[in-house]
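Visitor: Hi, could you walk me through this model and its ligand? I'd like the contacts and any odd backbone spots.

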Amino acid sequence: MDPIQNPFAPGAGSPPPALVGRSDILNQGTILYARVKQHRAEKNLLLTGLRGVGKTVLLNELERLAEFCDYKTIMIEATVDKTLGEVLVPPLRQLLYKLDKLAGTGHKVRRGFAVLRSFINVIKVKVGEIEIGLDIEPEKGSADSGNFEADLTTLFIAVAEAAEEKNTAIAILIDEIQYLSNKELSALIIAMHRMQQRQRPLVLIGAGLPILPALTGEAKTYAERLFQFSDIGALSKEDVCKALQEPVKKYDVKFTKEALEEIFLLTEGYPYFVQEWGYKSWNAATHSPITLQHVQESTPDVIHRLDQSFFRVRFDRLTPSEQSFLRAMAEITTNSKQTSDIAAILWLTIHQVGPARARLIKKGMIYSPTYGDIAFTVPLFGDFMKRVMPILKNRSD
Ligand SMILES: Nc1ncnc2c1ncn2[C@@H]1O[C@H](COP(=O)(O)OP(=O)(O)OP(=O)(O)O)[C@@H](O)[C@H]1O
Ligand SMILES: [Mg+2]
């Protein structure tokens with residue numbers, strides 16, 4: 001069928017033609033926005049899940065929802081090579097400009113700029129050539145203590161108060177939160193704790209790979225009380241059917257029941273794969289319905305495409321010892337994968353595989369769901385490892 005009209009949307013953050021199975025989280029978002037605007041306590045949201053399950057799509061949707069609820073929003077993406085301060089300052093500055101343009105009197109926006117200036121002076125962010133309101137002096141004694149936790153809190157509160165004065169509220173959405181350092185994550189959590197105590201209108205929504213197990217001590221206890229952790233997972237069979245059937249309906253096209261079953265089996269309900277199989281099966285069919293045969297015909301093509309892109313980009317960033325580690329992981333088919341078992345498969349000691357394991361966690365390839373256990377962050381990655389490295393080689397650092 002016409003590839004130009006193909007409704008499916010495989011790609012990082014591409015909005016799916018039908019966003020299925022996430023209505024609970026969107027409802028939670030609506031309640032959170034409404035309650036915080038009314039100065040009522042409500043838990044912020046942290047969406048965690050594996051690669052390609054639709055966290056970014058959901059975060060974008062939650063941003064739209066916030067705008068609909070009259071919030072001013074900023075959306076940032078944490079990265080390994082930038083600090084939280086660096087990614088946060090430019091959009092916060094823009095946000096203050098937006099607040100400044102809103103009708104109303106008062107001095108809180110101006111104060112927001114002054115506090116932001118102090119914050120920048122201390123964290124020594126180079127925000128390109130931009131100036132933070134040239135005529136504004138830093139506010140001495142605010143957000144300039146050098147203690148990131150305390151300074152971030154002061155900054156957030158100043159910005160939230162500026163929004164409040166302009167009769168609006170703020171939503172800060174952060175993608176890829178697992179790339180924040182422990183110190184940054186704790187600072188965010190503590191800042192949100194103070195925000196809740198003072199009932200200021202600022203909401204934080206984060207998305208990323210599972211992080212709760214990585215948190216420790218005070219940050220962990222606060223996080224559990226302040227945030228609702230929503231696990232974004234694979235879609236149910238019913239939702240996979242909807243995700244495929246609904247978008248094609250308006251072209252008078254249908255998938256047969258067997259075709260849907262096959263896609264569910266192959267994708268295990270992972271949204272990114274569902275979009276890929278939907279996309280290729282549409283192209284393989286010449287007319288409706290899209291049948292099991294069309295799906296089967298497309299499968300080698302889809303796998304090839306995934307191997308060349310989705311999986312490959314991740315594989316190419318790995319050193320030989322990291323590749324061996326993941327290849328050994330693929331040998332263990334149970335959910336629980338212990339580091340000691342992986343080391344044994346490679347004829348190495350736990351100590352020898354330690355550095356590769358640590359780097360793989362840092363690169364976001366594996367995570368530790370429970371103490372001692374590790375798991376792939378990319379669904380179906382084990383199968384890919386077997387395809388790309390048919391023979392297991394044990395290479396250590
Ligand atoms: N609820 C959904 N229903 C159907 N398709 C979805 C859904 N959520 C996401 N998708 C599709 O899945 C793909 C991946 O989505 P997205 O990039 O948001 O995932 P992610 O969890 O952010 O992945 P990563 O961890 O790699 O950043 C996109 O092609 C998107 O269209
Ligand atoms: Mg994403």
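Guide: Here is a short chat about the ligand site and the backbone.

Guide: Residues are numbered from 1 along each chain as written, chains are lettered from A and ligands numbered from 1 in written order. This is a predicted model, where local features need pLDDT of at least 70, side-chain atom pairs count only at pLDDT 80 or more and totals for chains, interfaces and linings use all residues, while side-chain values use heavy atoms, leaving out hydrogens and water.

Visitor: Cool. How many residues surround ligand 1?

Guide: There are 26, and the closest are A9, G13, S14, K55 and T56; a residue counts if one of its heavy atoms lies within 4 Å.

Visitor: How do the shell residues divide by character?

Guide: The shell has 14 nonpolar, seven polar and five charged residues. Here Ala, Val, Leu, Ile, Met, Phe, Trp, Tyr, Cys and Pro are nonpolar, Asp, Glu, Lys and Arg are charged, and the others, Gly among them, are polar.

Visitor: Which helices supply at least two shell residues each?

Guide: Those include α2 (55-68) and α10 (271-284); helices are DSSP runs of H or I with at least four residues, numbered from the N terminus.

Visitor: What does an oxygen of ligand 1 meet at S14?

Guide: A polar backbone atom of S14, 2.6 Å away. A backbone N or O atom of V57 is 2.8 Å from a ligand 1 oxygen, and a side-chain N or O atom of E176 is 3.4 Å from an oxygen of ligand 1. Polar contacts here are pairs of N or O atoms within 3.5 Å.

Visitor: Switching to the backbone, where is the cis peptide bond?

Guide: Between S288 and P289, with omega near 0 degrees. P289 is in the loop between α10 and α11 (292-308).

Visitor: And what is phi at E268?

Guide: Near 55 degrees, a positive value in a residue other than glycine. E268 belongs to the loop between α9 (257-267) and α10.

Notes
A polar contact is a pair of N or O atoms within 3.5 Å; within protein, one must be able to donate a hydrogen and the other to accept it, and residues adjacent in sequence count only if both atoms are side-chain atoms.
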